[in-house]
Amino acid sequence: MDLKRTHYIGNLNASLKGQKVIVGGWVEDLRELGKLTFLTLRDVTGVAQIVVVGEEGIKQVKDLNRQSVVRVTGTVQETKARDFPFEIKSEKIEILSRAVHPLPIDPIGRLESNIDNRLNARALDLRNQKTASIFKMRHHALQSIRKTLTELGFIEVNTPKIIGSASEGGANLFSLKYFDKQAYLAQSPQLYKEQLTLGLERVFEISSFYRAEKSHTVRHLTEFTSVDIEADFMDYLDVMEVLEKVVTDVFEHVEKNCIQEQKVLGIEVKKPKTPFERVTYAQAIKELGREGISLTEGDDLQDSHLRKLGEMHQGFYFLIDWPMKLKPFYIHEKDGEPSLSKSFDLQYGYLELSSGGRRLHDPNKIRARLVEQGLNPSQFEDHLKAFDWGMPPHSGWGLGLDRLMSVLTKIDNVREVVLYPRDPERLFP
Ligand code: ATP
Ligand code: MN
């Protein structure tokens with residue numbers, strides 16, 4: 001059987017009046033009105049009204065369940081319907097797949113389903129226009145990120161997700177049996193992307209990474225998508241500029257290219273003002289002190305502190321120059337201020353979107369830092385040997401794509417912007 005369509009519904013319009021078309025999709029609604037049956041047909045691009053005429057056609061769709069898949073051959077004609085600019089008079093209806101009722105959720109969204117029910121039926125949930133809009137926007141965001149970074153000379157790479165040793169020494173790694181060996185799921189591409197600057201200079205990766213953290217928040221998943229860059233001949237302030245451009249380009253691109261999606265979601269995406277504010281860690285401590293939260297240099301900023309700072313600095317801002325003791329072993333100290341680091345977080349209010357910084361490129365300094373942090377340099381020799389092959393000074397960052405999407409769509413829970421989220425409780429579907 002032929003499955004071809006002549007048009008996506010979104011490409012039809014009233015000026016095609018009289019033209020024979022073949023469309024296909026799922027039945028969103030079905031109404032009998034006297035002798036006529038009206039069928040609302042949706043595909044990924046839009047929705048159209050089909051007037052079913054002829055005894056056979058009407059009989060065919062009479063007991064057809066909503067959400068079933070059909071292919072319709074017909075002619076575009078004018079309509080009296082208020083909600084549609086044209087309609088299609090059917091000549092032939094082919095039922096390609098029947099939906100079995102009751103369905104677990106109502107994808108039209110007339111009946112609200114809670115997030116768990118929707119995630120349990122995620123494929124069907126994508127027929128909900130709100131859900132579909134989120135993932136169309138996510139697609140556009142990814143397109144924009146790839147375009148911006150490519151134009152800045154970054155090369156897209158793929159690094160391993162199955163790794164043989166705990167790369168950053170963290171305790172939050174998933175371990176897995178790798179035949180008769182022990183392996184782990186990568187929590188970030190950190191060490192690989194640093195090594196890759198040696199030959200490719202500027203690299204980026206967009207991929208899933210894994211953290212075995214039992215966090216029950218709206219911003220943590222055990223599997224998340226990260227956008228990572230690493231670039232030689234750049235210091236931390238330089239890669240912050242790259243980050244600012246990547247993020248603002250996403251907003252600009254989505255603002256222009258996702259008009260319908262913004263309407264469906266009831267949001268207005270606007271390119272944020274630049275440059276983003278830069279707040280030093282020391283300044284943040286002072287500001288918190290004025291709010292009655294007393295911290296001393298070296299204290300980490302807890303969730304409640306970040307919420308307070310988020311009230312004072314709304315929207316995007318950088319938190320820079322963190323104490324070295326709060327940063328991983330590969331982060332570079334500040335010139336002339338060795339207790340501070342060339343590091344930053346990009347915040348959106350209280351929410352951390354990205355962390356990055358200048359990296360150490362002197363292997364002996366890295367060895368010393370590893371020891372300082374209770375890690376064993378001999379376990380990092382595979383990585384450290386690359387630093388004797390002419391390792392350029394370099395900087396980079398990792399940006400949580402799911403969190404960025406949550407800011408972009410103004411939806412707090414990252415589970416909403418991930419197709420099949422994984423958290424400590426959710427492993428299916
Ligand atoms: P947090 O303190 O919020 O747990 P982190 O500092 O541990 O984050 P990084 O190691 O700095 O995270 O990772 C870089 C970015 O990746 C973060 O800024 C965030 O946007 C994203 N990210 C990290 N862990 C997760 C996670 N479990 N779920 C979703 N996104 C994450
Ligand atoms: Mn971080």
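Hi everyone, this is a short talk on a metal site, a pocket and some aromatic contacts.

The model is predicted, so local features need pLDDT of at least 70 and side-chain atom pairs pLDDT 80 or more, while totals for chains, interfaces and linings use all residues. Residues are numbered from 1 along each chain as its sequence is written, chains are lettered from A and ligands numbered from 1 in written order, and side-chain values use heavy atoms, without hydrogens and water.

Let's start with the metal. The manganese ion (ligand 2) has Glu352 (OE) and Ser355 (OG) as its protein donors, 2.2 Å away; donors are N, O and S atoms within 2.8 Å of the metal (3.2 Å for Na, K and Ca), and water is not among the atoms, so sites may look incomplete. Glu352 is partly exposed at 29% relative accessibility, where buried means under 20%, exposed over 50% and partly exposed in between (1.4 Å probe, protein chains only).

Now the aromatics. Rings of Phe, Tyr and Trp (its six-membered ring) pair if their centres lie within 6.5 Å, with planes under 30 degrees apart stacked, over 60 edge-to-face and the rest tilted. That rule gives nine aromatic pairs. One of them, Phe316 with Tyr348, is edge-to-face, at 4.8 Å between centres and 65° between planes. Phe316 is buried, at 9%, and Tyr348 is partly exposed, at 33%. Phe329 and Phe380 also form an edge-to-face pair, at 5.2 Å and 70°, and both residues are buried.

Which residues join Phe316 and Tyr348 in one aromatic cluster? They are Phe251, Phe276, Phe318 and Phe344.

Back to the pocket I promised: among the residues nearest the centre of the largest pocket are Glu352 and Ser355; a pocket, on a 1 Å grid over the protein atoms alone, is an open set of points where a 1.4 Å probe fits, with protein on both sides within 12 Å along at least five of seven lines, and lining residues have an atom within 4 Å of a point.
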